[in-house]
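Notebook open, model loaded. I want to go from single residues out to the whole fold and jot down what I find.

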Amino acid sequence: MNTEKVTARRLTAEEVSELGPQDGIFVSAEMDDLSLDCYAPASLTEPGQKFEGGSFTARTIFGQEIRVLPDNSEEPGIWVADEAGEEIEVLQNAGVLLNLALFVPNGNRESLESLYSAARDAFGAGIVQRWSEEVVAVPDVKVDLFEEPARGRKNANGQNRDRRALDIYPTRVRFMEPSDGWKFIVEPHKEIVDETPTI
């Protein structure tokens with residue numbers, strides 16, 4: 001476990017309420033409900049003044065959400081970098097976990113093994129790991145995938161709807177999420193035909 005020493009100062013609930021999601025803080029490092037004896041870089045999930053009751057929710061750079069009561073002396077609290085503070089141990093970021101969905105045309109076992117071996121060559125055999133594998137046959141069909149506001153305008157016909165075209169293969173839809181306030185609309189693919197008269 002790699003850590004680095006950071007000079008930081010513990011904040012009171014009043015000081016935390018003045019922070020926003022863009023401010024860098026440190027909270028207790030946790031992995032799978034196991035509390036580690038160090039801190040992790042984090043940020044508030046929403047502006048501090050929106051929290052009530054002295055309890056704040058922070059999200060670490062490792063994706064863990066942690067609820068903290070800064071004024072509770074029995075809890076690790078919330079810290080911010082400050083040269084006039086004291087040294088704390090902060091967990092370092094060791095790398096990035098990629099969740100990949102790969103489409104292999106006419107895919108077979110040999111082509112998949114070629115992909116794995118190329119990734120191992122690029123990053124090292126001990127780095128690239130196969131956590132789970134799902135082989136799905138992909139139909140030779142395309143759909144038009146759109147995003148539309150979840151609450152559409154009344155009397156809006158198909159021509160004037162607010163939509164963002166994503167035009168994608170249907171199997172990839174499973175790995176996507178619509179934007180906040182938007183929903184997916186899937187329609188059979190229509191080739192765009194340019195009917196502009198030419199001379």
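**Glu177 and Glu147**

I started with Glu177, which counts as exposed because its relative accessibility is 71%, over the 50% cut-off. Worth noting before I go on: this is a predicted model. Glu177 sits in the loop between β9 (164-165) and β10 (182-188). What does Glu177 touch, leaving aside its neighbours within four places in sequence? I found Glu147 and Phe184.

That sent me to Glu147, in strand β8, which covers residues 143-149. Buried or exposed? Glu147 is buried, because its relative accessibility is 5% and the limit for buried is under 20%. So I have an exposed glutamate in contact with another glutamate that is buried. I then checked where the side chain of Glu147 goes: it reaches the backbone nitrogen of Ser179, at 2.8 Å.

**Val186**

Next I looked at strand β10, where Val186 has its place. Which residues does Val186 touch, not counting those up to four places away in sequence? My list reads Val143, Asp144 and Leu145. I also took the C-alpha separation of Val186 and Leu145, which comes to 4.7 Å, although the two are 41 residues apart along the chain.

**Val16**

Then I moved to helix α1, which holds Val16. Val16 counts as buried because its relative accessible area is 0%. With residues up to four places away in sequence not counted, I get contacts from Val16 to Leu11, Leu44, Gly48, Phe56, Pro70 and Ile78. I also checked Gln49, 33 residues from Val16 along the chain; the C-alpha atoms of the pair are separated by 8.3 Å.

**The cores**

Val16 turned up again when I pulled the largest nonpolar core, a set of 15 residues. Which of its members have the most contacts inside it? They are Leu11, Val16, Ile25, Val27, Leu44, Phe56 and Ile78. I traced the elements that give two or more residues to this core: α1 (13-16), β2 (25-31), β3 (34-44), β4 (56-60) and β5 (65-68). There is also a second, separate core, with 7 residues, including Val6, Tyr39, Ile88 and Val90.

Back to the largest core for Ile78, whose contacts I wrote out with residues up to four places away in sequence not counted. Ile78 touches Arg9, Arg10, Leu11, Val16, Ile25, Phe26, Val27, Phe56, Val68 and Pro70.

**A pocket**

I looked up the second largest pocket, which has a volume of about 480 Å³. Its lining is made of 13 residues, and nearest the centre I noted Met31, Phe62, Asn93, Ala94 and Gly95. How do the lining residues divide into nonpolar, polar and charged? I got 8 nonpolar and 5 polar, with no charged residue in the lining.

**Whole protein**

Last, the overview. I counted 2 helices and 10 strands. From the N terminus on, their order is β-α-β-β-β-β-β-β-α-β-β-β. Of the 199 residues, 23% count as buried; Val16 and Glu147 are two that I looked at above. For contacts between residues at least 6 apart in sequence, I find that 57% join residues at least 24 apart. The contact of Val186 with Leu145 is one I had already noted, with their positions 41 residues apart along the chain.

Terms used: Residues are numbered from 1 along each chain as its sequence is written. This is a predicted model: local features need pLDDT of at least 70, side-chain atom pairs count only at pLDDT 80 or more; totals for chains, interfaces and linings use all residues. Side-chain values use heavy atoms; hydrogens and water are left out. On a 1 Å grid over the protein atoms alone, a cavity is a set of points where a 1.4 Å probe fits but cannot get out, and a pocket is an open set with protein on both sides within 12 Å along at least five of seven lines; lining residues have an atom within 4 Å of a point. Grid points are joined across faces, edges and corners, and a volume is the space filled by probe spheres set on the points. Ala, Val, Leu, Ile, Met, Phe, Trp, Tyr, Cys and Pro count as nonpolar, Asp, Glu, Lys and Arg as charged, and the others, Gly among them, as polar. Helices (H or I, at least four residues) and strands (E, at least two) are DSSP runs, numbered from the N terminus. Buried means under 20% relative accessible area, exposed over 50%, partly exposed in between (1.4 Å probe, protein chains only). A polar contact is a pair of N or O atoms within 3.5 Å; within protein, one must be able to donate a hydrogen and the other to accept it, and residues adjacent in sequence count only if both atoms are side-chain atoms. A nonpolar core is a set of buried Ala, Val, Leu, Ile, Met, Phe, Trp, Tyr and Cys residues joined through side-chain atoms within 4.5 Å. Contact means heavy atoms within 4.5 Å.
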